[in-house]
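Visitor: Could you take me closely through the charged side chains of this structure, concentrating on one group of salt bridges and then setting it beside the other charged contacts?

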Amino acid sequence: IKTCANSPSSCRYDEEILGALGTNHEVYVRVESQGYHWYKSQTYTIRIESNDAPIVTVLTGKDEILPTETMEISAQASDDDGIAFVEIYQDGSLLKHCNGPAPCIVTVGPYDLPDGSVVTFDVTAEDLQGLQTDATAAGTLTVRHL
């Protein structure tokens, strides 16, 4: 649907994809080298929806934590409709509720748990139109003893 011969190192398609609600469109990128070899990217499926859910990013900083340590968990959401709130949960319990699109940060630990225990952090975000997303098992920490 788009050719980028004039700017071969950068190509972007930012037009509206038309279709009925619920229809799927497969998209991929095809690149031709100077030696006339064709390369095709992985195929992705885009589904036409009336409104998309927020996209959530969670950072734990590292994968493991000592039983005596604390660390920060950071969650951020983005959505074209704006972000009403972000919530961080630990093993199903609400740790922090943050209003707006700014990063939501909470300090966790210390953990009096056996070596190898896994602590899971889930995030929920809601856009300004009331649509929520859940990033289940978005972040995990493994408790390690020295």
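**A close look at the salt bridges**

Guide: In this predicted model, glutamate 64 and arginine 144 bring their side chains together in a salt bridge, with 3.1 Å from N to O. Glutamate 64 belongs to strand 6, residues 64-65, while arginine 144 lies in the segment after strand 12 (132-143), so this pair ties together parts that are 80 residues apart in sequence. As for their surroundings, glutamate 64 is partly exposed, its relative accessible area being 40%, and arginine 144 is likewise described as partly exposed, with a value of 31%.

Arginine 144 also has a salt bridge with the side chain of aspartate 115, and here the N to O distance is 3.9 Å, which falls inside the cut-off, because a salt bridge is counted when the side-chain nitrogen is within 4 Å of a carboxyl oxygen. Aspartate 115 is placed in the loop between strand 10 (104-108) and strand 11 (118-127), and arginine 144 in the segment after strand 12, so this second pair ties together parts that are 29 residues apart in sequence. Aspartate 115 counts as partly exposed, at 46% relative accessibility. Through shared partners, the salt bridges join Glu64, Asp115 and Arg144 into one network.

The search of the whole structure finds 3 salt bridges, and one of them pairs lysine 62 with glutamate 69, whose closest N and O atoms are 2.8 Å apart. Lysine 62 is partly exposed, having a relative accessible area of 35%, and glutamate 69 is also partly exposed, at 23%. As a general matter, side chains of opposite charge can pair when their charged atoms come close.

Positive charges also meet aromatic rings in this model, and two such contacts can be followed by eye: arginine 30 lies over the face of tryptophan 38, at 3.9 Å from the ring centre, and lysine 40 has its charged end over the ring of tyrosine 28, at 4.4 Å from the centre of that ring. As for rings paired with one another, the structure holds 0 aromatic pairs.

To return to the part you asked about, the place to begin on the displayed model is arginine 144, which meets glutamate 64 in one salt bridge and aspartate 115 in another.

How values were computed: Residues are numbered from 1 along each chain as its sequence is written. This is a predicted model: local features need pLDDT of at least 70, side-chain atom pairs count only at pLDDT 80 or more; totals for chains, interfaces and linings use all residues. Side-chain values use heavy atoms; hydrogens and water are left out. Rings of Phe, Tyr and Trp (its six-membered ring) pair if their centres lie within 6.5 Å; planes under 30 degrees apart count as stacked, over 60 as edge-to-face and the rest as tilted. A charge sits over a ring if NZ of Lys or CZ of Arg is within 6 Å of the ring centre and within 35 degrees of the ring normal. Buried means under 20% relative accessible area, exposed over 50%, partly exposed in between (1.4 Å probe, protein chains only). Helices (H or I, at least four residues) and strands (E, at least two) are DSSP runs, numbered from the N terminus.
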